[in-house]
Amino acid sequence: MPKTKKQNILDAALSLFVRHGIQATSTASIAQLANVATGTLYHHFASKQILIITLYSEVKTELGLAMQLQQEHEDIQHQIRHFWQQALQWAQQNPDKLQFMQQVAHDPTFGFSQHQELMAASMAFLIEQFKQAQQQHRLAPLPLELVLNFCHSHFLATANLFAERPDLAGQPEYQEGAFQILWQALSPIGDSKSLP
């Protein structure tokens, strides 16, 4: 099935953002690469910021779907490990989308509230998992915004390290070490069962 003009615009935007940066990429250059008129771009996206938010939402939704590819585990540590491993695998398979996520994370025009709204829309399953685990005292009773921000930052940092150093991505001590940093941050204080 051929791609729609809207999808061509999003694909062109991703390619140019990764190559030149979000702020250095003009809507005219996106339209040119997508082979559409600038007016057509504005028909689908009222502004460059809306285009960025739409693309980011698509990328986050794709990541969220990749994280849910397996049956649920009863044990919260195994479930979070599964989410973590699936997310890192997705990042290795989608380096341009990872780089775009890094750019958005450091873009001053993209506010914290926008990040939170998109997280709630694309990762509702993860938020619900954290809430239930906190209510059952299986995760530390920390503010959810703090937990989500830490998980997002740790994911981007780890995925970026593995993208720059693929030799480390295949080493079990780096894979397990990255997960243990995450798990120790989420575990209730004094939870000795979380240690390997």
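Helices α8 and α11 each supply at least two residues of the lining of the second largest cavity, an enclosed space of about 40 Å³ in this predicted model. The residues around that space are Phe130, Gln134, Leu139, Ala140, Leu142, Val147, Ala185 and Leu186, and by class they comprise 7 nonpolar and 1 polar residue, with no charged residue in the lining.

This is one of 2 cavities of 30 Å³ or more. The largest cavity holds about 230 Å³ of space, and its lining is made up of 17 residues, among which Met67, Leu126, Cys151, His152 and Phe155 lie nearest the centre. Two or more lining residues come from each of α4, α5, α8, α9 and α11. The lining of this largest cavity divides into 15 nonpolar residues, 1 polar residue and 1 charged residue.

From the cavities we can turn to helix α7, which spans residues 112-122 and in which His115, Leu118, Met119 and Ser122 are buried. These residues cover an arc of only 105° around the helix axis, and therefore they sit on the same side of α7. The buried residues of α7 pack against α4, α6, α8 (124-135) and α9 (144-164), whereas the face turned away from the buried side carries the exposed residues Glu117 and Ala121.

The charged side chains offer another way through the fold. Side chains of opposite charge can pair when their charged atoms come close. The structure holds 3 salt bridges. In one of them, the side chains of lysine 97 and glutamate 62 meet with a distance of 2.7 Å from N to O. Because lysine 97 lies in helix α6 (residues 95-105) and glutamate 62 in helix α4 (residues 48-67), this pair ties together parts that are 35 residues apart in sequence. Glutamate 62 has a relative accessibility of 29%, so it counts as partly exposed.

Another salt bridge joins the side chains of arginine 81 and glutamate 176, at 2.5 Å from N to O. This pair links distant parts of the chain, with arginine 81 in helix α5 (residues 76-93) and glutamate 176 in helix α11 (residues 172-186), 95 residues apart. Glutamate 176, with a relative accessible area of 28%, is partly exposed.

Aspartate 167 also forms a salt bridge, in this case with arginine 165, and the closest N and O atoms of the two are 2.7 Å apart. Aspartate 167 is partly exposed at 41% relative accessibility, and arginine 165 is likewise partly exposed, with a relative accessible area of 39%.

How values were computed: Residues numbered from 1 in each chain as written. Predicted model: local features only at pLDDT ≥ 70, side-chain atom pairs only at ≥ 80, totals over all residues. Heavy atoms only, no water. Salt bridge = Lys/Arg side-chain N within 4 Å of Asp/Glu carboxyl O. Helix = DSSP H or I, 4+ residues; strand = E, 2+ residues; numbered from the N terminus. Buried < 20%, exposed > 50% of the residue type's maximum accessible area, 1.4 Å probe, protein only. Arc of directions from axis to C-beta. Contact = heavy atoms within 4.5 Å. 1 Å grid on protein atoms, 1.4 Å probe; cavity = no way out; pocket = protein on both sides within 12 Å on 5 of 7 lines; lining within 4 Å. Points joined across faces, edges and corners; volume = space filled by probe spheres on them. Nonpolar A, V, L, I, M, F, W, Y, C, P; charged D, E, K, R; others polar.
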